[in-house]
Amino acid sequence: MRPIVLTGGRLLDPSQDLDEVGDLLLQEGLVEACGGTISGPEEAERVDVSGLVVAPGFIDLHVHLREPGGEHKETIASGAQAAVAGGFTTVWAMPNTDPPVDDPAAVGFVMAAGLRAGGARVSPVGAASWRLEGEVMTEVGELLVEGAVAVTDDGHPVWSSMLMRRLLEYTQTFGIPVLQHAEDRELAAGGVMNEGRVATVLGLRGIPNAAEASMVARDCQLAELTGGHLHVQHVSARESVEQIRLAKARGAHVTAEVTPHHLTLTEEAVIGYRTEAKMNPPLRTEADRQAVCEALAEGVIDVIATDHAPHHYEEKEREFDDAPFGIVGLETALGVCRTHLVDGGVLTLSQLVDRLSCAPARIMELDGGTLRRGTPADVVVFDPDERWVVDPARFQSRSGNTPYAGEWLTGRVKRTFVGGRERYREVSSAETRSRETSTRGG
Amino acid sequence: MEKHTIMDETEMGRVLDRLAQEIHDASSKDDGLVIVGIQRRGAELAERIAHSVAELRGKPVPTGSLDISLYRDDFGQIGPRPVIGKTDVATDITDRRVVIVDDVLFTGRTIRAALHELSDFGRSRRIELCVLVDRGERQLPIQADYVGKRIEVPEGQHVSVCVPELDGELCVSLVTAESQNAQSFRPPERVNGKEE
Amino acid sequence: MTGTTGAAIGLGKDLVGLEDLTREQIHAILDTAEPFKEISERQIKKVPVLRGQTIVNLFFEPSTRTRISFEFAEKRLSADTVNISSTGSSVQKGETLVDTARNLEAMRIDMVVIRHGSSGAARFLADRIPSNVINAGDGQHEHPTQALLDMLTIRDRFGSLEGRKVCIVGDILHSRVARSNIWALLTCGADVAVCGPKSLIPHGIEDLGVSVLSRVEDAIEWSDVLYVLRLQLERMESGFVPSLREYNRVFGVKRSRLEHAADDMIVLHPGPMNRGVEIDSDVADGPRSVILPQVTNGVAVRMAVLYLLAGGRPEGAEAAKAGGA
């Protein structure tokens with residue numbers, strides 16, 4: 001592996017309070033030097049990244065790679081490629097595959113496939129309960145030995161209060177979090193979008209905020225009771241934000257994530273029965289959107305996670321009731337967040353990098369998320385000002401189900417390095433991008 | 001829009017009286033006569049003629065009106081007319097002598113439609129046609145039995161028949177045509193004197 | 001989508017709902033229905049205007065009355081009709097709605113009347129085939145021809161819709177009939193209220209401009225028009241109301257409750273009725289009921305809608321003008 005020196009880029013690393021132009025030396029899989037002018041070893045490849053941002057590789061704590069069982073939508077390989085195309089160097093893969101990842105052999109399969117894929121690092125998340133049925137805890141320790149990094153029943157909530165309590169207690173032995181998809185299925189009652197004015201007009205069954213917030217409240221109570229690490233996935237409701245804020249204030253070990261789409265879209269996106277706006281939890285009202293934006297800026301919500309959920313176009317080309325929930329997100333995350341959150345004044349560019357990279361590493365105690373000397377060389381190089389149009393046909397992902405299709409975004413990943421190796425380089429035609437020549441602050 | 005009167009109120013009155021006389025003379029008083037006017041304006045003319053015939057006969061002459069919008073042969077090309085007039089054929093026309101009244105006879109297609117529609121109301125013994133103006137240029141083998149006046153219409157003009165109930169006056173004029181086609185996709189503006 | 005353009009009143013290719021129709025458009029449809037009422041009184045109840053047109057009645061939900069009403073309307077306009085019924089979701093059946101749409105297009109169907117269990121299904125189909133699509137009820141979203149015949153019935157009785165106080169009673173939450181009526185009534189200037197158990201009143205209904213009355217007695221006293229919706233057995237089974245008997249006791253429209261009604265108040269029901277649940281027989285069969293006129297108006301309104309959407313290619317209009325018709 002040849003050493004690489006990235007020269008003249010804007011080194012943006014919130015974990016070191018670093019924001020200055022300088023060089024970065026990647027050697028033998030680690031960051032060897034960071035900042036200033038670096039001459040580096042003779043055999044090093046020198047890459048000029050002036051005008052671009054050099055940041056720690058993004059970490060996505062929530063992706064669905066669909067393999068085994070859903071390979072027409074995505075495979076571990078295509079998902080890992082989609083990840084690096086989006087600047088992500090580590091992704092946490094959810095276990096709701098077919099069969100689900102609830103035993104050590106399945107974990108091993110995902111690990112091996114991830115290593116072969118040559119894209120982002122794939123960390124399997126094991127199932128919390130057998131078959132994701134919410135009854136019996138999986139052999140958590142065995143899953144971790146094979147490489148699992150956390151447990152979840154995502155796709156489904158851990159419904160049983162007693163099982164949730166036991167999980168939060170038992171996982172402390174291993175220092176791992178329980179990732180919870182908070183949804184009271186009875187209150188959600190077959191809903192397909194947010195319960196509110198738009199659902200009333202469209203005649204669609206609604207999922208009220210309370211379906212999420214009531215379970216978040218319960219889980220926060222259990223986290224406080226047990227001392228375990230609760231990680232609340234895809235927060236969508238302002239009431240959930242309140243519960244998390246209160247729990248953190250009381251010292252409970254609670255962390256939370258929010259998706260780019262919940263930060264930027266509302267239930268209005270569904271009008272016209274657009275299945276590309278159908279997801280769970282659903283897009284909610286403007287008040288909810290603003291609440292999660294503020295919470296992310298404050299740190300009450302810790303990280304951005306995409307909940308990348310690929311679906312084959314045929315499945316989304318259906319009556320709204322029958323279409324599956326979810327959208328892809330890996331390849332649009334940076335663009336969407338830079339365009340709508342940074343330009344929208346919710347986050348600075350530095351805070352965005354923090355929420356995408358440093359914070360996930362911090363809350364989950366991972367090795368990445370930093371450009372400090374001696375840490376793994378997981379690096380993303382991006383152009384914060386390049387404008388490009390979202391074209392699902394050009395995605396690395398096998399699926400293109402996104403409501404941002406056809407939209408012009410600002411902020412594009414140019415290169416991604418995992419363990420010091422270049423795993424992605426952006427190659428595109430001039431027609432799909434343009435460059436703003438004025439310098440912009442972040 | 002240029003307007004040139006062909007028949008003023010007095011002349012129209014005379015013509016309508018003559019037509020009534022011809023209709024009355026053509027057969028006996030017990031011929032079961034029913035006078036049916038074609039919407040629009042044909043119906044108003046029919047009322048006048050029927051009234052005159054009734055005076056000549058000394059007994060009432062039943063009338064009716066027909067809107068032929070739903071029997072047109074060009075529906076597939078021009079689409080629906082949003083306003084369909086009243087069709088009221090209260091009398092059973094089976095075995096009766098029916099005289100259809102229309103204001104202008106042109107291509108003959110309106111009459112064809114009217115014949116089709118009338119046949120859905122019963123099998124009359126005899127159907128005759130009475131028109132105020134015959135402007136020739138037939139596209140179908142249809143002729144009127146009673147004609148008020150034959151006119152040649154120069155290009156770029158059309159015949160406009162006005163009746164008091166709808167237009168505030170009784171006359172026939174030649175009008176320079178602008179966009180004369182009532183069947184285009186615009187909100188229903190009345191066009192005087194259907195061109196068929 | 002390409003294909004036949006709509007009527008001179010600008011309906012477009014399809015009638016998917018009443019939400020976006022203007023007052024002028026609604027009244028134009030009602031006005032057009034008048035002459036069609038007359039045709040149903042003739043001995044030969046048929047006019048040739050849609051002769052040669054093929055219309056498919058695509059019913060994914062069982063329905064006798066609506067389908068028969070459409071069938072009569074189609075046949076009285078001399079169209080050729082085909083009925084396709086199918087129950088179960090596309091997924092269960094194995095053929096998606098997209099495939100059904102493609103098949104219809106391949107068969108060159110002129111018009112499709114669709115009833116489906118999913119909200120949005122009519123729009124879904126309309127966006128994918130060039131045929132005219134008429135929504136006969138999609139999920140809980142809209143049932144436009146029902147509301148139009150209701151408007152006609154109210155207009156027949158009162159002369160106009162402006163300022164009329166209309167209260168819809170029952171399961172508003174699951175009712176596409178309620179939604180379509182709300183759109184049409186508000187657009188035509190009526191004063192609209194809903195009444196029913198809170199569990200069956202949808203979120204945000206007041207934001208649409210509709211008031212909520214909690215007691216049926218208040219609704220009866222307030223209304224010029226009482227629109228009674230059917231309460232389905234499933235609502236009890238899903239726990240929205242404790243029992244049908246309870247519903248009848250608390251919300252049922254009974255003759256005794258009508259004592260405080262205005263003299264000219266009328267009662268409508270979209271049918272089929274659950275006698276003894278939402279409405280008692282002596283009301284359904286009583287002097288205030290206009291339920292049967294609704295049915296008669298239904299055929300006329302559907303004939304009007306079919307007539308207004310069908311036919312008319314713009315290039316034909318130009319040709320017709322040039323040839324001097």
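Contact, in these legends, means heavy atoms within 4.5 Å. The model is predicted, so local features need pLDDT of at least 70 and side-chain atom pairs count only at pLDDT 80 or more, whereas totals for chains, interfaces and linings use all residues. Residues are numbered from 1 along each chain as its sequence is written, chains are lettered from A in the order in which they are written, and side-chain values use heavy atoms, with hydrogens and water left out.

**View 1. The chains and their contacts.** Of the two pairs of chains in contact, chains B and C share the most contacts. Chain A and chain B do not touch, and their nearest C-alpha atoms lie 28 Å apart.

**View 2. The interface of chain C and chain A.** Here 25 residues of chain C are in contact with 16 residues of chain A. Together the two chains bury about 1700 Å², with 55% of it on carbon and sulfur atoms; buried area is the accessible area (1.4 Å probe) that two parts lose on being put together, summed over both. C:Ser118, C:Ser119 and C:His203 supply 27% of the area that chain C buries against chain A, more than any other three residues.

**View 3. A salt bridge between C:Arg128 and A:Glu317**. The side chains of these two residues meet at 3.1 Å, N to O, and the rule (a side-chain nitrogen of Lys or Arg within 4 Å of a carboxyl oxygen of Asp or Glu) finds one salt bridge across this interface. By class, the side of chain C that touches chain A has nine nonpolar, 12 polar and four charged residues, where Ala, Val, Leu, Ile, Met, Phe, Trp, Tyr, Cys and Pro count as nonpolar, Asp, Glu, Lys and Arg as charged, and the others, Gly among them, as polar.

**View 4. The open sheet of chain B**. Five strands (DSSP runs of E, at least two residues, numbered from the N terminus) follow the order 3-2-4-5-6 with parallel pairing, two strands being paired if DSSP finds at least two bridges between them. Strand 3 (63–66) and strand 6 (146–150) of chain B stand at the edges with a single partner strand each, so one side of each is left without a neighbour in the sheet.

**View 5. Strand 6 of chain B and the helix across the sheet**. Strand 5 (residues 126–134) and strand 6 of chain B pair in the parallel sense over four bridges, and B:Val131 stands opposite B:Val147 in strand 6. Helix 1 (residues 9–26) of chain B, a helix being a DSSP run of H or I of at least four residues, lies across strand 2 (33–38), strand 4 (97–105), strand 5 and strand 6 of chain B. Helix 1 of chain B runs at about 155 degrees to strand 6 of chain B, with axes fitted as lines to C-alpha atoms, for helices over the stretch in contact, and angles running from 0 to 180 degrees between N-to-C directions.
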